[in-house]
Amino acid sequence: MAYDFSAIEGKWQKKWDDAGAFCAETDSSKPKFYCLEMFPYPSGALHMGHLRNYSIGDLTARFLRMKGYNVMYPIGFDSFGMPAENAAIKMKTHPAEWTLKNIDHMMAQLKSMGCSYDWRRVAKTCLPEYYRWSQWFFLRMFERGLAYRKYAPVNWCETCGTVLANEQVIDDGVCWRCGEPVVKKKLEQWFLRITDYADELVKDLDSLPGWPERVLTMQRNWIGSSEGVRFNIGVADTDSGLSIEAFTTRIDTIFGITFIALAPEHPIVSELAERQSAGKRDEILAFTKEITRRTAIERTAAGGDKMGLDTGFFAVNPVNGALVPIWIADYILTDYGTGAIMGVPAHDRRDFDFARKYGLGIIPVVRREGEPIPDPDAMTEAAEADGVACNSGEFDGLPTEDAIKNIAEWFEARNIGKRETQYRLRDWLISRQRYWGTPIPVVYCEKCGVTPVPEQDLPVELPLDAKIPENGGNALLERPDWINTTCPKCGGPARRETDTMDTFICSSWYFLRYLSLDSNDAPFKPEDADYWMPVDLYIGGIEHACLHLIYARFFTKVLSDLGLIPDKNVREPFTGLLTQGMVIKDGAKMSKSLGNVVDPDEIIKRYGADTARLFILFASPPEKSLDWSDKGVDGASRFLNRVYRLVEDNMGVIRSGGGECVSMPRLTGKADRDMKRLIHSAIDRVTRDIERERQLNTAVARLMELCNGLASYKPADKPGRAVFREGVETLLLCLSPFCPHICEELWEMIGGKGHLFSASWPKPDPDALTADTVPIVLQVNGKLREQFDMEPGLSREELTARVMERPETKSRLDGKEIVKVIAVPDRLVNVVVR
């Protein structure tokens, strides 16, 4: 009969809660450990990916508490965002109601799993007491010039009259709601100057040995860095001195420019259009509108057909005065560089394809060493390799590296260009034209301009009685009573900012708010940050490798510079990072659309939380994908039932084995000594598996071996019964981080001291780890002849002498000439004969 997991799990969850078992406070007498999982979005219910994430984190927290660490292990909810608005439209409810209801349900699920969170520290980012401090951080950044406003393109649906998030633009550029084409529209929006920290964000990756190399590489690539020259290219025949800023890493090819290409979104495009005739202006505007409907992936796809339009203007090459046409090209983006490139088709693949399509010139300015200058008419592809400069005036004959250096110096000497490092990373656009988010704390006054809301007036609260428009637009725009306010400087009329903050703002500092959730005077207390930061282990999916993790790193550096984090050495939020693998079923990631989702509630209801946790932790190493198996869940359930029966069926032996542990030297029976050795070997190996290797699956396998060993062990006397009890206690102690409920119950049944949540992790006895004998192999001329046991630890000479003295060895070598003997202690002896 199966044990009653439902009653046991409910019992112990209540006991832990009543005892405040997992409340964390600063304690300088203990080493600290801050264990954290990426907090969930309250989408409605936990899925198996969540369950895996939190099982790994909870095991880590429980294990380290038993190891003597003071563990901070909190939970919260990333509860602003567009999914709540979409659900509000669909369910005809309010985002706040939908979100808070989901949070309550998910908290109940987490408690049913037995998660050992400090439940006093639950942060909900949609509540004013949280987002007040996100607004406060914005004001601090605004004061330092890190928050600023500029025009930037957004996705705009003319039919719905609203801004769309990228996720709402579907099926080749149409609105998710009405199906009409989406266009790019420029709006003035708020940015954070993350590029000021780009250099440090790259360099400090070297100080994170606890991060997976894959994530470090992804961040380096995302932030990017390239050495080059920034310079201006004048526009010919414009009386206002109009110029285009460009950046290139290959300044050595500047003599090969045959055109300038602009991104359709480049600010100068509209200015050039206005200087043209009405017909040409309309042509330019229609072209840019068409191109901006396409995604960046479509526009930049390798091998894709390039689209362009001649503006009718010319630019002046700064090195030789040559006039080159200015084009608009679809493959140029504003997301990287300046949004303008010097077209050098002889030495860039995309420029080459573009020039061939539109009949533009090609000028080779790099040739291979020892070869003539290529014939541009005969070229079938761009020559992108380094070589020797040609058609480059005074720089002819220089190798590429020297040509880059000398031409860059030529620009700087004339003050027409400057060498610099450019990053792929762009400033962080935080404006969202949505309702369900943190209001940006500024007002607009005709007299005073952009004016920050005074700190004492925070939070600027989101009106919870706002109605979400059915077209998905920003509900704040429909609330003039909220928008219209007074200027805090002059007292005149002003209007509030109706954009809200990117939800990544909320997740960029929540790990600090956990530490001082009760603080009303500051986002967090300096002394709490000083004790607990940085996070020692951060657990989450690889999909957050770039955006969230980069933003959190940026925030931490800014807060350090603001003096809010006392320890100036803490400029990184997470020293350790574990990116758990996906949960897959039937060969694919679990998805409602594929019909392969397994409901955690159903698994817990049918098998219990301990079984669900055990299967998840046993089925695969944390970093690898986990292939869901119903048979595997059944197997985990059977094992826990075996553990329960092992204790229940042997209570007499366990009780009579109480008292002092019997040391290895006092054990004389082979079975007793073997059992003692198995117990301490399990302690040693499980500890290493969890602590050093994070091989949680092999740790479970070793505990299964221990359980099997105890089941077959038959103690014959009091020392043997003491060994049996020690084995059961060890099994429960070591299994408890994986399956806490059943282990607490069985610990109570055997009369264990205190509770397992406050117990100490067992330590292996060195004497019990030493084998009584080791198998020794005898080889003759390298071929296996015999295997026998001998005492361990013999030196090479002692082992040789003992083996050669054996009658069996002498008989085997009788009549043979011994050439030499090779001995490997505790392993083998090889006798070479002829």
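Trainee: Before we start, what does "buried" mean here?

Mentor: Buried means under 20% relative accessible area. By that cut-off, 53% of the 834 residues of the chain count as buried. Keep in mind that this is a predicted model.

Trainee: Thanks! Why is Ser 560 called buried?

Mentor: Set its value against the cut-off: buried means under 20%, and Ser 560 has a relative accessible area of 0%, so Ser 560 is buried. Ser 560 lies in helix H16, which spans residues 547–561.

Trainee: What makes a residue count as touching Ser 560?

Mentor: Contact means heavy atoms within 4.5 Å. Leaving aside residues up to four places away in sequence, Ser 560 touches Ile 565, Lys 568, Val 570 and Arg 571.

Trainee: Let's move to helix H11. Which of its residues are buried?

Mentor: In H11, residues 349–358, the buried ones are Asp 351, Phe 352, Phe 354 and Ala 355.

Trainee: How do you know that the buried residues of H11 line one face of the helix?

Mentor: Look down the axis of H11: its buried residues fall within an arc of 165°, so they line one face. They pack against four strands: S12 (259–262), S13 (308–316), S14 (323–329) and S15 (340–343).

Trainee: And what makes Asp 348 a cap for H11?

Mentor: A side-chain oxygen of Asp 348 lies 3.1 Å from the backbone nitrogen of Arg 350, at the N-terminal end of H11. A polar contact needs a pair of N or O atoms within 3.5 Å, so the 3.1 Å pair meets that distance limit. After H11 comes Gly 359, with a positive phi near 70°.

Trainee: What about helix H3: which residues are buried there, and what helps cover them?

Mentor: H3 covers residues 82–91, and its buried residues are Met 82, Ala 84, Glu 85, Ala 87, Ala 88 and Ile 89. Their cover includes helix H4 (95–112). Lys 92 follows H3, and its phi is positive, near 55°.

Trainee: Stepping back, how many helices and strands does the chain have?

Mentor: There are 27 helices and 34 strands. The C-alpha atoms fill a box of roughly 105 × 80 × 50 Å along the principal axes.

Trainee: Which share of contacts joins residues at least 24 apart?

Mentor: Among contacts between residues at least 6 apart in sequence, 72% join residues at least 24 apart.

Trainee: And what does the chain expose?

Mentor: About 37,000 Å², with carbon and sulfur atoms supplying 49% of it.

Note on methods: Residues are numbered from 1 along each chain as its sequence is written. Side-chain values use heavy atoms; hydrogens and water are left out. Buried means under 20% relative accessible area, exposed over 50%, partly exposed in between (1.4 Å probe, protein chains only). Helices (H or I, at least four residues) and strands (E, at least two) are DSSP runs, numbered from the N terminus. The arc is that of the directions from the helix axis to the C-beta atoms. A polar contact is a pair of N or O atoms within 3.5 Å; within protein, one must be able to donate a hydrogen and the other to accept it, and residues adjacent in sequence count only if both atoms are side-chain atoms. Accessible areas come from the Shrake-Rupley method with a 1.4 Å probe; for residues, only the protein chains shown count as cover.
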